Amino acid sequence: MSQLLQVVDLCKSYRKQLGLFRQTRVQALDHINFTLSAGQTLAVVGETGSGKSTLAKLLVGIEQPDDGEIRLSGQAVTLSNYRKYNHVIRYMFQDAERALNPSQKVGAMLDDVLRFSTVLDRQQRQQRILQSLQQTGLLDEHINFFPHMFSAGQLQRVALARALILEPKILILDEALTVLDPTVRAQIVNLLLELQQQQGLSYLLISKNLRLVRHISDHCLVLQDGRVVEEGPTEQLLDRPQHPHTRKLMGLS
Ligand SMILES: Nc1ncnc2c1ncn2[C@@H]1O[C@H](COP(=O)(O)OP(=O)(O)OP(=O)(O)O)[C@@H](O)[C@H]1O
């Protein structure tokens, strides 16, 4: 299976203010290594502050690593060539309602993404917008809807349409399904699995919900204080957790 994404010795630290005059550094990620193949789902689990969101931010280029490398299909991604790759990895927001502009219709919002990141003409953009709505189980007429006119589940589909409209190869789901009620979550999960089968999409799932992790991921990384303390095929890791921190996350100790 081809390695789509390779993360090599990735490090990131932040400066943290301690009172008025003192500072310290937090090592948010400490020499992280993993690979993700086409059509696979990698789950990243860990408690609050373990570095999960930092990893997502580095992968989508919101922030830059201090050290290490992100490689897409063997090519290192750097700040200078980031625009070339920003279609390949997309991010699905945690809270769709807050991430969408309440005064912008869905069609205009999707069009903005295409105008910013592609050279498609008006007609091609319109076609792509309708295609991404259909792909995510929405209707053509939703082009003219404002965010407040959607249910929570439909909003998540809009967020998914926005993430998929640039035809990425990897989608980062950062607690994206956490806010949904179980029925709606099941519908979105099924849609994600269908899209993965049809298009060979890869997912990086950041979640504290270990049932979800078990249901949709192939491989799992456990982070603690910015370090990978355990990794392996998801089923094996969750059935036979070796590290005390994994056992703690599972409520076993
Ligand atoms: N912009 C920042 N400035 C300073 N410290 C930061 C910044 N972003 C993250 N950190 C610190 O880096 C560490 C990792 O944070 P991160 O948000 O990646 O954790 P997380 O696992 O995603 O947590 P959560 O599950 O709460 O989202 C934490 O100690 C956090 O306080």
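**Exercise 1.** Work out how many helices and strands this predicted model has, and why its fold can be called as compact as a globular protein of its length.

*Solution.* Start by counting: the protein has 10 helices and 10 strands. Next, look at the radius of gyration, which is 19 Å. For 253 residues the globule rule gives 18 Å, and the two values are close, so the protein is as compact as a globular protein of that length. To picture it, note that the C-alpha trace spans about 50 × 45 × 40 Å along its principal axes.

**Exercise 2.** Find which residues have the most contacts inside the largest nonpolar core, and which helix gives the most to that core.

*Solution.* First, the background: 35% of the 253 residues are buried. Then go to the largest nonpolar core, which has 59 residues. Val-44, Met-92, Ile-172, Leu-173 and Leu-204 have the most contacts inside it. Helix α6 (residues 152–164) gives the most to this core, with six residues. Now zoom in on Val-44: leaving out residues up to four places away in sequence, its partners include Leu-204, Ile-206, Leu-221 and Lys-52.

**Exercise 3.** Figure out which element supplies the largest share of the shell around the ligand, and how the shell splits by class.

*Solution.* List some of the residues first: among them are Tyr-14, Val-26, Gly-49, Lys-52 and Thr-54. Now match the shell to elements: β1 (3–18), β2 (22–37) and α1 (52–59) each supply at least two residues. The largest share, three residues, comes from α1. Finally, sort by class, and you get three nonpolar, seven polar and two charged residues.

Conventions: Residues are numbered from 1 along each chain as its sequence is written. This is a predicted model: local features need pLDDT of at least 70, side-chain atom pairs count only at pLDDT 80 or more; totals for chains, interfaces and linings use all residues. A residue is near a molecule or strand if its C-beta atom, placed from the backbone, lies within 6 Å of it. Helices (H or I, at least four residues) and strands (E, at least two) are DSSP runs, numbered from the N terminus. Ala, Val, Leu, Ile, Met, Phe, Trp, Tyr, Cys and Pro count as nonpolar, Asp, Glu, Lys and Arg as charged, and the others, Gly among them, as polar. The radius of gyration is taken over C-alpha atoms; the globule rule is 2.2 Å times the number of residues to the power 0.38. A residue is buried if 20 or more other C-beta atoms lie within 10 Å of its own, exposed if 12 or fewer, and partly exposed in between; C-beta atoms are placed from the backbone. A nonpolar core is a set of buried Ala, Val, Leu, Ile, Met, Phe, Trp, Tyr and Cys residues joined through C-beta atoms within 7 Å. Two residues are in contact if their C-beta atoms, placed from the backbone, lie within 7 Å.
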